Amino acid sequence: MRLTLRRRAATAHDLPVPIVLLVYAILLAGALIMILPFLWMASTACKPPVELNKVPVTFLPENPVCGENLGLLYDTSPHFNRYLLNSAIVTIGRTLGQLVTCSLAAYGFARFKFPGRGLIFALCLALLMVPFQAILIPEFMLIRKLGWLNTFRALIVPGTFSAFALFLLRQAFLQIPVEIEEAAIIDGANPLRVLWYVTLPLSAPALAAFAVITVQAAWNDFLYPLVVSNSPDTRVVTIGIALLQGERRTPYNLLMMGSFLATVPMLVLFTALQRYFIAGIAMGGVKR
Amino acid sequence: MNPESRLPALAARALSWLGPTPLSRRKALWGLALIAPNTLGLFFFFGIPVLMAFSTSVQEWNAIKPPHFVGLDNFERLISDDKFAQALTNTLKLIGLTVPLEVLLALGVAVLLNLPLRGRNLLRTAYFLPVVTSTVAASVVWTSILQPRYGIVSRLLEPVGLGETKWLVEPGLVLIPIAAVAIWQRLGFDMIIFLAGLQSIPGVLYEAAVIDGAGRWERFRHVTLPMLSPTTFLVMVLAIINAFQIFDQVYIMTLRTVPGGVGGSATTLTYYLYRRAFTHSEFGYASAIALVLFALILAVTAFQLTVQRYWVYYESEEG
Amino acid sequence: MNTRKVALLLVVLLSLVLALPAQAQDEPVIKPLPCEEPGKLTMWVWDEAWAAIIGDSIEAWKAEYCPGAEVDLQVQPWGQYWDLLKTNAAGGELPDVFNMSQPFFFFYADNDVVLDLQPYWDEFGVDTSIWGSGLVGPYRWGEAGDLYAAPVNWDTIAIFYNKDLFDAASLAYPAADWTWDDFAEYAAALTDPEAGVWGAAVYAEYQAGYPNWIAATGETPVVDAARTDCTLDNPGSLEALNFLKGLLDAGYMPTVSEAGGASPDDAFNLFASGKLAMVAGGSWKLPTALAELTFNWDIVQLPKNPETGRSRSIVHAVGYVASARTANPDLAANLILYLASDEGQVFFAEGGAVAPANPSPAIQQMWIDSFGQTDVNIQAFVDATVDSQGVTVFDEIWDVMNTELVVKIFDLGMSVEDAVAETCVVINAELP
């Protein structure tokens, strides 16, 4: 059984033109500030070594050598594709894992009363309040005790649990009227079916937000993978990029080429998930 | 047919602790089962290290020699430590500088980017970029832009006489660029959450408001904002928790001048505890700082959780 | 005596005398030995380029001296190397052999984390004084001055100068025995505010910056060798810092903000952009300089202090150390011996970027030759190893004297006396 909620967008058609232009001006100015470092990143990825350390920074290479830098990147870091693959494995594993555990838990906290609910939720949230630098060594020792050093398990399993995702999804579930779910319950659905067929589809925007943020966090994770799994087989791309830097060498062109390659999947994903952030989506009909 | 009547007395008492009625007990069991995987996982993989770290706060440990118990010495030292006080003040200043602006700007951008404007997807991607841009790139660009006299910001500010300002070096000023970069980096993240929240506001409410003759601004005030309040609450809580722990921006923005700022002027609590741990090998003291930081964040979050009933509107009653 | 016997004796003596120097030239300074029992080792380095060179070295070691041995060579990012080392030490996962840097050595030695290699040097017949006190002094520990590391490389500092700018100002190039006064004159003459060119930038950071000038006055920079006192408020330090500050105040040197950062790399970027006539640079800058500089340039040793007549460079050597808890101490020591030996160091010498620590003149010449045909005076770096200043500072005081002092004096306009007083307060608090 699937339910729908039709939504209508607030229309901009009734906005006066000067206001629309003002809005555009503000948004574009802001957008420029947002993308400036990315522009530098993209242009530096194509710069020859001579142009790298100009003072002040330049945003357009005089002599673009994108192809050469790409080749140079793979010469310097022959396993770069392997690192991208490892990052993908870890990211997908973590995101799917969190999707399962955190949506179950969020649903439990949102819809079910049980003793200690407030306390347990608060304790979960409390884990967000300790900076990673403080638990770096105990975390390392725990993974080591489990015998998980330099494995994919260490990279994926702890990352399948999240207090942030729990919070995000719980807030989203609480915004859905209970009556809709109760209709399903009366029809005899157990909580899992309700979650799957009713609640999750209605939380699509929140799930999209969850997906974007979780994927991004997993993909850009650096310190934790470095500490527990920096063997070449399990190395992720953030570390691969950091290794391009030596004590005395900062080859910005290679660093930025690597970073650019690592950023592209994130942008692709974000663009793909944009459709869930569009008001006015009419979602299917009632099906049995 | 009452299932409880067949169970031994102790089990019956345990079950009754779950709830007064069989239905409530079943719901309670379901609830516990649903939260179990995530909760147990969190407690095991993160709760245990957190407890280990906190237990180190009453010890002296340099990571190599065995730790030894020193009672509350670390906390006594915290009280009279000028650098800790400075890190605390810097952190509080950063929270003040970042959280309100960040939340308001993200909300504004999300609302504007929720309008059916052309090129909206491209703009949204632009605002999301800082979240995924390499921190090295951000560091290089922002440091260069802020360079006195030659950087873009300095040249823009020259007419008002601020062209020679040394943003990253002057102790009184260094928190401003750090706050700006922190906002810059997190805006996209908050925006995404706000966008998701905006989608979940049922269109019928807007339609009803229009029928009632509400204008754009009134619709925003009386439909959007209240219905968005759970999301706003989420964003604010997360923003404050995050701002208390600002580290990356301090690290990347002061790396090329004086790490942590001249005289510790850019040092935050997390940065301070990191330095005490890994530079000075004082892991016990660092854990004490972490514990105090945790207590602070907990207190502020608990406060937010308690007052949420006065302004946050949940569509469904909890539970 | 029988004349024939005398002649024979003379011939024998003569041939012995003639043979000796030849033999001394062929004799390697450090000889590797076969390992007793092959096994497994883990090894950490912080640079991928070095890892490639060391990897080749290890392959040669395995082939020649230790077949059947296995070495898991891992590269950790430089920025996190020391944090990772502490984390792994805490968790009991230290690598068997790893790279060490002099400012960090004290902590590991003090906590018995690193293996005392002196018994092995004695057993291998290596006289540890062959490397020079600048390279190995900071790696000694204990009352007998046991050597805990084998140096991999050495770095010294010299002045890179832009010959085109000198020509344009009709100035003669600096001579090897030039003095601080000459330097000041050149800096003044080469500064061209209209063109946005400064004469020099030489104060940035510990290794390439002001401590070199302090050392030239005879003072041990920042901290004395016995680690009892902050020497920044001593006369020699004040003299050097005030000299440099004078040049800055006169406008001959850019401030930290004008240079774009407190690192000598930022100053070097200005130099590469043609905005600086003279810059202090480390020997590690040679490959970059040779590849990227678009004007005529050369290298000269640091100028001599007029009173002491000395020009001294900070010298630093990365070292190979072994973990005190390694399961294979003998194997680790054998590998380290190989990596430090002439045979092992050839790979570094030929690679060029890194100046090898092995004192054999042949190896040093190999390094100079590896740069190919250049007119550049690379020898200046080698000359700087004589009368050089070893590292006496350590991690806990690093930032306050590496960049903070520099920023205070050369950017925030603090007086030398005030800045030094503040810095010494912090340093003295950290001294044991």
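**Exercise 1. Find the stretch of chain C to treat with caution, then judge the rest.**

Start with residues 19-24 of chain C, where pLDDT (the predictor's confidence in each residue, from 0 to 100) stays under 50. For that stretch the model has zero contacts (heavy atoms within 4.5 Å) beyond four places in sequence. Next, take chain C as a whole: its mean pLDDT is 92, and 94% of its residues reach 70 or more. Finally, check the complex, which gets an ipTM of 0.89 and a pTM of 0.91 from the predictor.

Some ground rules: this is a predicted model, where local features need pLDDT of at least 70 and side-chain atom pairs count only at pLDDT 80 or more, while totals for chains, interfaces and linings use all residues. Residues are numbered from 1 along each chain as written, chains are lettered from A and ligands numbered from 1 in written order, and side-chain values use heavy atoms, leaving out hydrogens and water.

**Exercise 2. Work out the strand order of the open sheet in chain C and name its edges.**

Begin with β7 (residues 157-162) and β10 of chain C, which pair in the antiparallel sense over four bridges; two strands pair if DSSP finds at least two bridges between them. Here C:Phe160 sits opposite C:Ile299 in β10(C). Now add the other strands: the four-strand order is β8-β9-β7-β10, with mixed pairing. That puts β8 (198-201) and β10 at the edges, each pairing on one side only. On average, neighbouring strands are turned by 20° against each other, direction ignored. Last, look for helix α12 (residues 264-272) of chain C, which lies across β7, β8 and β9 (276-282) and runs at about 140° to β9(C).

**Exercise 3. Sort the side chains of β10(C) by direction.**

In a regular strand the side chains alternate between the two faces of the sheet. Walk along residues 297-300: C:Trp297 and C:Ile299 point one way, C:Asp298 and C:Val300 the other. All are buried (under 20% relative accessible area, 1.4 Å probe, protein chains only).

**Exercise 4. Trace the largest nonpolar core.**

A nonpolar core is a set of buried Ala, Val, Leu, Ile, Met, Phe, Trp, Tyr and Cys residues joined through side-chain atoms within 4.5 Å. Of the 287 residues in the largest one, C:Met43, C:Trp61, C:Trp121 and C:Trp131 touch the most other members. Then ask where its largest share comes from: helix α8 (residues 175-199) of chain B, with 15 residues. Finish with the separate core of 61 residues, among them C:Ile159 and C:Leu241.

Definitions and conventions
Buried < 20%, exposed > 50% of the residue type's maximum accessible area, 1.4 Å probe, protein only. Helix = DSSP H or I, 4+ residues; strand = E, 2+ residues; numbered from the N terminus. Axes fitted to C-alpha atoms, helices over the stretch in contact; angles between N-to-C directions.
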